[in-house]
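Open the model in your viewer and keep the selection panel handy. We will walk from one stop to the next, picking out a few residues each time.

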Amino acid sequence: MLLSRYFLPTLKETPAEAQIVSHRLMLRAGMIRQSSAGIYSWLPLGLRVLRKIERIVREEQDAFGCVEMLMPTLQPAEIWQESGRYDAYGPEMLRIIDRHERGLLYGPTNEEMITEIFRSTVRSYRHLPKLLYHIQWKFRDEIRPRFGVMRGREFLMKDAYSFDLDRAGAIRSYNKMFVCYLRTFERLGLKAIPMRADTGPIGGDLSHEFVILADTGESEIAYHRDFLHMSLAGQPVDLEGDLQPLVDAFTGKYAATDEQRDPAVEAALGEALVTGRGIEVGHIFSFGTKYSRPMNAVVVGPGGDSVCVEMGSYGIGVSRLVGAIIEASHDEAGIIWPESVAPFVVGILSLKPDDAACAAIGQRMYEQLVAQGIDVVYDDRDERAGVKFSEMDLIGVPHQLIIGPRGAKSGQVELKDRRTGERQELAVEAALARLL
Ligand code: ATP
Ligand code: MG
Ligand code: MG
Ligand code: MG
């Protein structure tokens, strides 16, 4: 991408309405623009990050055998009346009446809709288990939308749903999603701790929230210190094998949010207990027949009897993650993207674009990186060097190639690491070799 042709409306001033750093940086970096309270346009830079997060979430869902589909944003009121949640959900649900006076709603979640699809298409236990997901916009009329995309009213969620014949199957599905979430958040460069959680209006008895540590988080959390060092660390996972031991390793240690906290256990943990605040980025539930029973989602079982299916649901806040990653990774100069989600992985800064040697090197490096399929942004604008440095840092590009007129004469460029600030002078080919 040539920056001269891009659309990157950055702000110099810190926007007064933004209370937390991720919101400030997303506005300053020209990633989003508020349209009304809790509703945003995603500008090109923000959309790039959103799509990269979405892709990682999708790849991991697919790897665990979850099958993608797409349900609409608008849902008929009837299915929510069937489950009993139409009234129970309260004012967070945006209700709409169409021209024929039929009740619609903008979906805050999709348990009813997927149950309706399942019950009208699956008849036999032989088609179980099933794991289905979609990545779709949701609407919740939050009483206090704030912190930018972290608590929006319109937001992008990945929600998956499992259907099993019995409790043992439901737990296998739950464990798959549990491990899938560990892997997903690790790939996003985040330390997410699975915590015992309240099931809220979704219902059920088995539930974990995945929470990342951040002082600005809205959840009060307490966890065993060991979590700080626990990770899958890229170890291979046998997706068809028994995942219970791995899940047990993570659920065996104390970690709880809000109402699930246990003062007696916490007292006993003593020095090993860490308390603080966190951001909920994912939430998984196993809720048995809470929806399948009232909505009559049954299959013919092995013995010819009719069995109400066991269900679970599994959410990830895709758009919230954009803000959450920034909360976890930034400095005074701006955002520091983990490479996996960076809008551009490499930035080229030409400090003197009208100098022939600078222009030639810039163009050559740009073309080579593009040819290799690397997401590269080339700041070819006629701007002061200071502006270029600060914008490249603000938008958080991990690897920056700096071309100055003096170095360019002898074929040298500087390679800067956004995270450490380290700079190294290298010949053009050597610098490129580092990045390819
Ligand atoms: P919260 O406690 O923050 O209100 P929730 O528990 O109501 O979230 P869930 O119903 O568990 O949310 O939805 C699954 C995921 O969707 C959450 O873990 C979160 O990452 C995301 N999410 C929920 N509400 C919002 C929102 N208003 N804006 C952005 N993301 C959200
Ligand atoms: Mg909520
Ligand atoms: Mg919650
Ligand atoms: Mg939740």
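## Stop 1: around ligand 1

Start with S13, which gives the most to the shell around ligand 1, with four residues. This is a predicted model, so please read every stop on the tour in that light. To see S13, select 273-288; strand S8 (154-164), strand S16 (310-317) and helix H9 (318-328) each supply at least two residues of the shell as well.

Which of the 16 residues around ligand 1 come nearest? Show Phe 155, His 283, Gly 315, Gly 317 and Arg 320 as sticks, and you have them. Now color the shell by class: you should find three nonpolar, eight polar and five charged residues.

## Stop 2: a five-stranded sheet

Next, move to the open sheet whose five strands come in the order S20-S19-S21-S22-S23, with mixed pairing. Its edges are strand S20 (376-379) and S23, each of which pairs on one side only. Direction ignored, neighbouring strands here are turned by 25° against each other on average.

Select strand S19 (residues 346-350) together with S20: the two run parallel and are joined by four bridges. Within this pair, Val 346 stands opposite Val 376 in S20. Now bring in the helices. H10 packs on the sheet, where it touches S19, S20, strand S21 (399-403) and S22, and its direction makes about 165° with that of S19. Helix H11 (residues 385-394) also packs on the sheet, touching S19, S20 and S21, and its direction makes about 170° with that of S19.

At the other side of the strand order, select strand S22 (residues 412-417) and strand S23 (residues 423-427), which run antiparallel and are joined by five bridges. Look for Leu 415, which stands opposite Gln 424 in S23. The hairpin of S22 and S23 has five residues between the strands, and in it Gly 421 takes a positive phi near 80°.

## Stop 3: H10 meets H13

Keep helix H10 (residues 356-371) on screen and add helix H13 (residues 428-435): they pack at an angle of about 25°, with their axes 11 Å apart. That angle makes H10 roughly parallel to H13. The crossing is right-handed.

What meets what here? From H10, show Ile 361, Met 365, Gln 368 and Leu 369; from H13, show Val 428, Leu 432 and Leu 435, which they meet. The residues of this contact divide into six nonpolar, one polar and no charged.

## Stop 4: H2 meets H6

For another helix pair, select helix H2 (residues 44-63) and helix H6 (residues 167-187), which pack at about 150° with their axes 10 Å apart. That makes H2 roughly antiparallel to H6. H2 passes H6 in a right-handed crossing.

On the H2 side, pick Ile 56, Val 57, Glu 60 and Gln 61; they meet Cys 180, Arg 183, Thr 184 and Arg 187 in H6. The classes in this contact are three nonpolar, two polar and three charged.

## Stop 5: a three-stranded sheet

Finish at the open sheet of three strands in the order S4-S6-S5, where the pairing is antiparallel. Strand S4 (74-76) and strand S5 (94-97) are the edge strands, each pairing on one side only. On average, neighbouring strands of this sheet are turned by 35° against each other, direction ignored.

For a last close-up, select S5 and strand S6 (residues 103-106), which pair in the antiparallel sense over four bridges. Center on Ile 97 and find its bridge partner in S6, Gly 103.

Definitions and conventions:
Residues are numbered from 1 along each chain as its sequence is written. Chains are lettered from A and ligands numbered from 1 in the order in which they are written. This is a predicted model: local features need pLDDT of at least 70, side-chain atom pairs count only at pLDDT 80 or more; totals for chains, interfaces and linings use all residues. A residue is near a molecule or strand if its C-beta atom, placed from the backbone, lies within 6 Å of it. Ala, Val, Leu, Ile, Met, Phe, Trp, Tyr, Cys and Pro count as nonpolar, Asp, Glu, Lys and Arg as charged, and the others, Gly among them, as polar. Axes are lines fitted to C-alpha atoms, for helices over the stretch in contact, and angles run from 0 to 180 degrees between N-to-C directions. Angles under 35 degrees count as roughly parallel, over 145 as roughly antiparallel, 65 to 115 as roughly perpendicular and the rest as oblique. A crossing is left-handed if the near helix is turned anticlockwise from the far one by less than a right angle, and right-handed if clockwise. Two residues are in contact if their C-beta atoms, placed from the backbone, lie within 7 Å. Two strands pair if DSSP finds at least two bridges between them.
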